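Me: I should like to go through this model and ask on what grounds its features are named as they are. Please set each value against its definition.

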Amino acid sequence: MSRKESYEQKAEALLSPIIERHGFELVDVEYVKEGGNWYLRAYIDKEGGITVDDCELVSREFGDMLDEEDFIEESYILEVSSPGLGRPLKKEKDYARSMGKKLEIRTFRTIDGQKEFYGTLTAYDESSVTIEAEDGAQMTFQKPDLALIRLAFDF
């Protein structure tokens with residue numbers, strides 16, 4: 001396991017009781033380097049959406065626990081936020097929640113002359129995703145071929 005994965009797992013283990021206590025959902029935890037800075041990001045959600053006050057509450061409690069545990073070697077910036085409307089589907093629960101909803105899919109390589117697809121999620125498993133296009137055609141994609149998969153929004 002990489003140091004990055006280890007940090008993310010430890011952070012998730014510390015964060016989970018805080019999230020559960022407040023009735024939130026932990027969407028994701030990531031430890032990434034952007035520019036010259038490391039970021040530990042926690043994405044949280046709840047029915048009806050997360051507020052700035054919710055993020056602040058979790059950030060304070062989580063920050064205190066991280067200071068006590070002090071398992072991350074480098075200096076980093078802690079961010080707690082909503083995953084946003086355009087969040088990618090990553091976990092099984094994301095797919096389950098999105099069944100029957102319209103998705104946007106982008107692929108790494110061109111398929112039938114295009115890399116961007118829209119359709120309603122009709123099936124998924126650990127290795128593939130199936131959507132029904134507006135013309136009724138069923139399209140199945142292998143997850144490793146997907147550059148992006150998220151809910152589609154019409155504005």
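The exchange below takes up the elements, the two sheets, one residue and the totals in turn.

Reply: The model is predicted, so local features require pLDDT of at least 70 and side-chain atom pairs pLDDT 80 or more, whereas totals for chains, interfaces and linings use all residues. Residues are numbered from 1 along each chain as its sequence is written, and side-chain values use heavy atoms, without hydrogens and water.

Me: What makes a stretch of this protein a helix or a strand, and how many of each are there?

Reply: Both are DSSP runs numbered from the N terminus: helices are H or I over at least four residues, strands are E over at least two. On that basis the protein has three helices and eight strands, in the order α-β-β-α-β-α-β-β-β-β-β from the N terminus.

Me: How do you know that E2 and E3 are paired, and in which sense do they run?

Reply: Pairing demands at least two bridges found by DSSP between two strands. Strand E2 (residues 37–45) and E3 are joined by five bridges and run parallel, so the definition is met. Arg-41 has Glu-79 in E3 as its bridge partner.

Me: Why are E1 and E3 called edge strands?

Reply: The open sheet has three strands in the order E1-E2-E3, with mixed pairing. Strand E1 (25–34) and strand E3 (77–81) each have a single partner strand, so one side of each lacks a neighbour in the sheet. Its neighbouring strands are turned by 15 degrees against each other on average, direction ignored.

Me: Which helices pack on this sheet, and at what angles?

Reply: Helix H1 (residues 3–21) touches E1 and E2, and its direction makes about 145 degrees with that of E1. Helix H2 (residues 52–69) touches E2 and E3, at about 145 degrees to the direction of E3. Such angles run from 0 to 180 degrees between N-to-C directions of lines fitted to C-alpha atoms, for helices over the stretch in contact.

Me: What makes the other sheet antiparallel, and which strands stand at its edges?

Reply: Five strands form this open sheet in the order E7-E6-E5-E4-E8, with antiparallel pairing. Strand E7 (138–142) and E8 have a single partner strand each, so one side of each has no neighbour in the sheet. The average turn between neighbouring strands here is 40 degrees, direction ignored. E4 pairs with strand E5 (residues 114–124) over six bridges and with strand E8 (residues 146–151) over five. Four bridges join E5 to strand E6 (residues 128–132).

Me: Where does Ile-111 lie, and what stands opposite this residue?

Reply: Ile-111 belongs to strand E4 (residues 102–111) and stands opposite Gln-114 in E5. E4 and E5 form a hairpin with two residues between them, and Asp-112 in the turn has a positive phi of about 50 degrees.

Me: What does Ile-111 contact beyond its neighbours within four places in sequence?

Reply: Contact means heavy atoms within 4.5 Å, and Ile-111 is in contact with Phe-117 and Phe-141. Ile-111 and Phe-141 are 30 residues apart in sequence, with 10.0 Å from C-alpha to C-alpha.

Me: What share of the protein counts as buried, and by what limit?

Reply: Buried means under 20% relative accessible area, exposed over 50%, and partly exposed in between, with a 1.4 Å probe and protein chains only. Of the 155 residues, 37% count as buried.
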